[in-house]
Amino acid sequence: MGSLITNIVQSAALVASLPQTATNGLSRLGTLQAPTFPEFLPGPLQNGFPWGTRTAARTNPYELSPTTGVIRPYDFTISRGFIAPDGVNRSVMLINGQFPGPTIEANWGDTFQITVRNRLEGPEEGTGLHWHGILQRQTPWYDGVPSVGQCPIAPGKDLTYTFKADLYGSSWYHSHYSAQYAAGLFGAMVIHGPHENFFYDVDLGPVMLTDWYHAEYFELVKQTMTPGAPPVFSDNNLINGKMSYDCSRIPAGGPSCTSNAGISQFNFQSGKTHRLRLINAGAESLQRFSIDGHTMTVVANDYVPVVPYQTNVVTLGIGQRTDVIVRANMAPNASVFMRANMSVPCSLTNQPNAVAAIFYEQADKTKTPRSAAQVFEDSSCGNDPLTRTRPLFPYPALANAATTYNVDITAGPNGTGHFLWYMNGQSFRANYDHPLHLLAAAGNTSYPYDPQWNVINFRGNNSVRVIVNNKFPAAHPMHLHGHNFFVLAEVSGASLR
């Protein structure tokens with residue numbers, strides 16, 4: 001599997017065989033012409049900032065977020081198209097003709113107003129977009145999860161999501177309908193906020209890391225749900241939607257493939273500091289991110305500013321984000337590789353490695369960088385040590401939660417032999433015609449007593465201690481919509497109670 005990377009790093013020239021429109025449609029991500037990002041967007045200021053005197057270290061973001069009154073409108077059209085992000089031509093789902101989808105921006109306290117138009121044809125299907133990490137206080141129906149907060153957006157129909165940018169930092173949005181985001185339905189989300197704990201000269205914006213499949217997403221679901229079928233393995237790894245592929249691996253009669261499709265490229269300015277917004281937008285894999293010859297300073301994880309610390313490699317589970325600051329400490333004519341490596345012990349992949357080129361201002365941008373990869377340990381399937389990630393705002397954990405709930409995660413075949421995941425012995429069954437929030441608004445609260453809904457009624461408790469025991473012999477990420485949470489303890493090889 002290392003032959004592809006070897007071929008790239010040993011080639012003399014770094015000129016792509018395919019134009020950007022063939023690999024990524026109308027997106028400029030991954031090109032030297034990609035825009036950089038401002039410290040904040042235009043709008044009313046208080047004490048010089050849209051968020052006024054609020055700071056990362058002294059302001060509780062969950063209780064004192066600003067309300068600017070500024071609307072940030074976007075208009076998305078979702079449609080099908082054919083592109084070749086790694087040279088393999090395949091059918092994908094695009095937002096405004098782009099892969100990845102458009103990056104959306106706001107200042108902390110602004111309001112997003114995003115109209116999503118479902119124009120999926122051949123075949124038609126529903127959709128819905130989830131805005132990852134947004135708390136959605138007072139707007140839970142705009143969280144974007146069909147069967148929970150909304151019905152799917154029907155073919156030919158539109159839905160306008162309106163919600164407050166209630167936290168700040170780096171995130172992404174993605175389809176929450178079936179496995180559509182493995183077909184390309186995702187993009188980055190940047191919310192500008194205070195950062196007095198760190199400074200930078202250039203905001204390079206999102207660096208999206210994505211495991212990539214050459215089969216259409218429905219075939220991936222079908223294989224996963226077929227009794228006795230082998231597990232699905234990804235075919236490649238992408239950085240900002242780009243990578244090359246070894247076309248000799250395409251079977252006879254397979255899709256068309258163009259070698260040396262092209263890798264993503266980034267600009268560095270010698271002596272300046274650069275902010276990179278790392279996002280694991282993959283469907284299955286754990287990513288390790290590094291930059292040859294450079295140390296990264298971690299300043300935020302997800303939407304939580306942290307006390308800065310330095311590292312050579314950043315670990316990102318599915319959906320996780322990490323903001324890093326990198327000083328361009330090399331000569332003006334230098335060039336190096338940026339690398340994303342899917343963790344082989346922790347991922348199902350046939351080609352785990354991706355590279356992108358970083359060019360300093362005087363570097364020859366037609367020549368391949370000659371840089372050595374960082375060495376890192378790849379045996380753990382967890383995040384970087386909790387002792388290194390201390391939130392900047394000292395929000396204390398409760399000594400005793402109002403209630404405790406234990407969750408055992410298992411997986412296995414059901415009565416018909418289909419592989420399912422279970423929480424406390426129950427697998428969730430969605431009903432797209434009757435979303436949970438709609439039922440609640442109609443006064444129907446019977447669903448906690450119907451096991452297939454997997455709804456837990458915590459009644460009037462204002463805090464919950466959740467103990468998750470993964471009893472399946474593989475790592476599994478956990479993401480909680482509408483909340484951030486404290487990680488109090490983690491243990492390998494044993495159950496917590």
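This passage walks through a predicted model of a protein chain, from its overall dimensions down to a few unusual backbone spots.

Starting with the big picture, the protein chain holds four helices and 22 strands. Its C-alpha trace spans about 65 × 60 × 50 Å along the principal axes. The radius of gyration comes out at 22 Å, and since a compact globule of 497 residues would have a value near 23 Å, the two agree. As for burial, 48% of the 497 residues count as buried.

One piece of the strand content is an open sheet of six strands with mixed pairing, in the order β10-β9-β12-β17-β14-β15. Its edges are β10 (236-239) and β15 (304-311), each of which pairs on one side only. From one strand to the next, the twist averages 20°. In general, the strands of a sheet pair through backbone hydrogen bonds, and they can do so parallel or antiparallel.

Strand β9 (residues 202-212) is a good place to look at that mixture. Toward β12 (residues 273-280), β9 pairs in the parallel sense over seven bridges, with glycine 205 standing opposite leucine 276. Toward β10, β9 runs antiparallel and is joined by four bridges; here tryptophan 212 stands opposite asparagine 236. How much of β9 is buried? Eleven of its eleven residues are, so the strand is largely enclosed by the rest of the structure.

Further along the sheet, β14 (residues 296-301) and β17 (residues 321-327) run antiparallel and are joined by five bridges. Valine 298 has valine 324 of β17 as its bridge partner. The loop between β14 and β15 contains aspartate 302, a residue other than glycine with a positive phi, near 55°. Aspartate 302 is partly exposed, because its relative accessible area of 25% falls between the 20% and 50% cut-offs.

Aspartate 302 has a counterpart in the loop between β2 and β3, where asparagine 96 lies. Phi of asparagine 96 is also positive, near 55°, and at 27% relative accessibility asparagine 96 counts as partly exposed. That loop, between β2 (90-95) and β3 (101-107), also holds proline 100. The peptide bond leading from phenylalanine 99 into proline 100 is cis, with omega near -10°. A cis bond also joins glycine 122 and proline 123, this time with omega at about 5°; proline 123 is found in the loop between β4 (111-118) and β5 (129-131). For context, most residues other than glycine have a negative phi, and most peptide bonds are trans.

Over on the surface, Met423, Val464, Val466, Val468 and Met478 make a nonpolar patch of about 380 Å². Strand β22 (residues 464-470) supplies the largest share of this patch, three residues. Valine 468 sits in β22 and counts as partly exposed, at 34% relative accessibility. As a general point, side chains in a regular strand alternate between the two faces of the sheet.

One more loop residue rounds things off. Arginine 249 is found between β10 and β11 (265-268), and its relative accessibility of 39% makes it partly exposed. Arginine 249 and proline 35 are 214 residues apart in sequence, and their C-alpha atoms are 35 Å apart in space.

Notes. Residues numbered from 1 in each chain as written. Predicted model: local features only at pLDDT ≥ 70, side-chain atom pairs only at ≥ 80, totals over all residues. Heavy atoms only, no water. Pairing = 2+ DSSP bridges. Helix = DSSP H or I, 4+ residues; strand = E, 2+ residues; numbered from the N terminus. Axes fitted to C-alpha atoms, helices over the stretch in contact; angles between N-to-C directions. Patch = residues over 30% accessible without salt bridge, like charges linked within 9 Å, V, L, I, M, F, W, Y side chains within 5 Å. Areas by Shrake-Rupley, 256 points an atom, 1.4 Å probe, with all protein chains shown as cover. Salt bridge = Lys/Arg side-chain N within 4 Å of Asp/Glu carboxyl O. Buried < 20%, exposed > 50% of the residue type's maximum accessible area, 1.4 Å probe, protein only. Rg over C-alpha atoms; globule rule 2.2 N^0.38 Å.
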